[in-house]
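This report walks through one protein chain, from its overall fold to selected residues. The sequence and structure come next.

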Amino acid sequence: MPHTDILSKLGPCGLNCSKCFAYKKGEIRKLSTELKKNLGNFDVYAERFVELLDEDDFKKYPNFKIMLNHFTNATCMGCREDSCKLFKSCKVKQCSKNKSVNFCFECSEFPCSNHGFDEHLEKRWLVIQNKMKKVGVENYFMEIKDQTRY
Ligand code: SF4
Ligand code: SF4
């Protein structure tokens, strides 16, 4: 049985919720919140820097800020506690509960076609599950825990 800390981060599909932009307790939200705080009232300065530095990149600041705000507003508590905000068609979460497995590779029907994923996510799901099956959940987690998800 994997440690509960690992289970709170890895969904039954194997994706790492803790590196997801929508995860409330994730690095992306945390760092975005810090960046937003550090930028303070940069809006005014961004406008000035367009002329002062003759740099058009600063014209894009309002759009950048929209994305930054989006990241700071992440609310998801992770797959095992919340409903996924990204993959609405995912069937793995409910199915793994029905099959009483923590991860799909532990299921007798793996690999199945009941996941509900598109072809890209299916490929990723297969790679992750096969890796976990081979090296074990703990070793897999140690290997990927600091890697970006994107
Ligand atoms: S459940 Fe979905 S939206 Fe939530 S953190 Fe995990 S992958 Fe991201
Ligand atoms: S049937 Fe498929 S989706 Fe459901 S737990 Fe087994 S491998 Fe995962």
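## Fold and dimensions

The model is predicted. Its protein chain contains seven helices and zero strands. Read along the sequence, the pattern is α-α-α-α-α-α-α.

How does the radius of gyration of the protein chain stand against that of a compact globule of 150 residues? The chain has 19 Å, whereas such a globule would have a radius near 15 Å. The C-alpha trace spans about 65 × 30 × 25 Å along its principal axes.

## Burial, contacts and surface

Of the 150 residues in the protein chain, 33% are buried. Contacts with a sequence separation of 6 or more were also sorted by distance along the chain. Residues 24 or more positions apart account for 66% of them.

The protein chain exposes about 9,900 Å². Carbon and sulfur atoms supply 54% of that area. The chain carries 26 positive and 20 negative charges. The mean positions of the two sets are 7 Å apart.

## Backbone exceptions

Most peptide bonds are trans, and most residues other than glycine have a negative phi. Three places in this chain deserve a look on that score.

Which form does the peptide bond from Phe-110 to Pro-111 take, cis or trans? This bond is cis, with omega near -5 degrees. Pro-111 sits in the loop between helix H5 (92-98) and helix H6 (119-135). Ser-100 is placed in the loop between H5 and H6 as well. Ser-100 is not a glycine, yet its phi is positive, near 55 degrees. Its relative accessible area is 68%, so Ser-100 is exposed.

Asp-54 also has a positive phi, of about 50 degrees, without being a glycine. Asp-54 belongs to the loop between helix H3 (42-52) and helix H4 (61-72). Asp-54 counts as exposed because its relative accessibility is 68%.

## Aromatic pairs

How many aromatic pairs does a search of the whole structure find? The search finds ten. One of them joins Phe-21 and Tyr-150. This pair is tilted, with 40 degrees between the planes and 6.5 Å from centre to centre. Phe-21 lies in the loop between helix H1 (4-9) and H2, and Tyr-150 in the segment after helix H7 (137-144), so the pair ties together parts that are 129 residues apart in sequence. Phe-21 is partly exposed, at 24% relative accessible area. Tyr-150 counts as exposed, at 55%.

Phe-103 and Phe-105 form a stacked pair. Their ring centres are 6.2 Å apart, and their planes are 15 degrees apart. Both residues are buried. Elsewhere, ring pairs link Phe-42, Phe-49, Phe-58, Tyr-61 and Phe-64 into a cluster.

## Two residues of helix H2

Ser-32 lies in helix H2 (residues 27-39). Is this serine buried or exposed? Ser-32 has a relative accessible area of 6%, so it is buried; the cut-off for buried is under 20%. Beyond its neighbours within four places in sequence, Ser-32 is in contact with Glu-27, Leu-68, Phe-71 and Thr-72.

Ile-28 is also placed in helix H2. Its relative accessible area is 25%, so Ile-28 is partly exposed. Which residues does Ile-28 contact, leaving aside its neighbours within four places in sequence? They are Lys-19, Cys-20, Phe-21, Phe-71 and Tyr-150. Phe-71 thus appears in the contact lists of both Ser-32 and Ile-28. Phe-21 and Tyr-150, the partners of the tilted ring pair, are both in contact with Ile-28.

## Spacing in sequence and in space

Two residue pairs show how sequence separation translates into distance. Ile-28 and Leu-15 are 13 residues apart in sequence. Their C-alpha atoms are 16 Å apart in space.

Lys-60 and Glu-47 are likewise 13 residues apart in sequence. From C-alpha to C-alpha, this pair is 9.6 Å apart. Lys-60 is found in the loop between H3 and H4, the loop that also holds Asp-54. Lys-60 is exposed, with a relative accessible area of 54%.

Terms used. Residues numbered from 1 in each chain as written. Chains lettered and ligands numbered in written order. Predicted model: local features only at pLDDT ≥ 70, side-chain atom pairs only at ≥ 80, totals over all residues. Heavy atoms only, no water. Helix = DSSP H or I, 4+ residues; strand = E, 2+ residues; numbered from the N terminus. Rg over C-alpha atoms; globule rule 2.2 N^0.38 Å. Buried < 20%, exposed > 50% of the residue type's maximum accessible area, 1.4 Å probe, protein only. Contact = heavy atoms within 4.5 Å. Areas by Shrake-Rupley, 256 points an atom, 1.4 Å probe, with all protein chains shown as cover. Lys, Arg positive; Asp, Glu negative; His and termini not counted. Charge placed at Lys NZ, Arg CZ, Asp CG, Glu CD. Phe/Tyr/Trp six-rings, centres within 6.5 Å; stacked < 30°, edge-to-face > 60°.
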